[in-house]
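Please open the model in the viewer and set the side chains to a stick representation. The tour follows pairs of oppositely charged side chains, with a selection at each stop.

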Amino acid sequence: MAFEIHYFHERVCAEVRSWPVDVLADCVRLVELLTEHGPSLRLPHSRAFGDGLLELRPRGRTGTGRAFYCFLQGKRVVVLHAFIKKSQQTPDNDLKMARKRLKEVMHG
């Protein structure tokens with residue numbers, strides 16, 4: 001049984017859809033790998049941030065995207081936050097937003 005992808009909010013889905021076409025295409029490929037392999041997906045495609053928070057790492061010629069996600073019961077994946085990276089390091093505000101939403105999803 002494959003993993004199901006859900007979005008924390010429609011705005012997160014809209015953010016991903018607004019990415020440059022090459023980054024979006026790589027994201028679609030990585031989401032397919034995620035639905036097939038689940039938690040077994042690792043670097044360079046996915047990276048763990050601890051406490052159940054992970055990031056999907058799509059890339060393209062025009063930029064690099066990041067989509068924070070978590071796993072829930074019943075083979076569900078929730079994409080919590082997404083953005084296009086503009087610097088080498090993940091911005092603190094984006095990481096804080098993802099962690100806040102992770103707590104909401106996990107604990108109500």
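A residue counts as buried under 20% relative accessible area, as exposed over 50%, and as partly exposed in between. The model is a predicted one, and a search of the whole structure finds 5 salt bridges.

Begin by selecting E10 and R17. These two residues form a salt bridge, with the closest N and O atoms 2.8 Å apart. E10 has a relative accessible area of 49%, so this residue is classed as partly exposed.

Next, select E55 together with R57. Their side chains meet in a salt bridge, at 2.8 Å from N to O. Is E55 buried or exposed? Its relative accessible area is 0%, which means that E55 is buried.

Keep E55 selected and add R66. A salt bridge joins R66 and E55, and here the closest N and O atoms lie 3.4 Å apart. This pair links distant parts of the chain: R66 belongs to strand 5 (residues 63-72) and E55 to strand 3 (residues 53-56), with their positions 11 residues apart in numbering. R66 also counts as buried, because its relative accessibility is 5%.

Finally, extend the selection to R47, E55, R57 and R66. Salt bridges link these four residues in a network. With the four displayed together, the two contacts of E55 visited above, to R57 and to R66, can be viewed within that network.

Note on methods
Residues numbered from 1 in each chain as written. Predicted model: local features only at pLDDT ≥ 70, side-chain atom pairs only at ≥ 80, totals over all residues. Heavy atoms only, no water. Buried < 20%, exposed > 50% of the residue type's maximum accessible area, 1.4 Å probe, protein only. Helix = DSSP H or I, 4+ residues; strand = E, 2+ residues; numbered from the N terminus.
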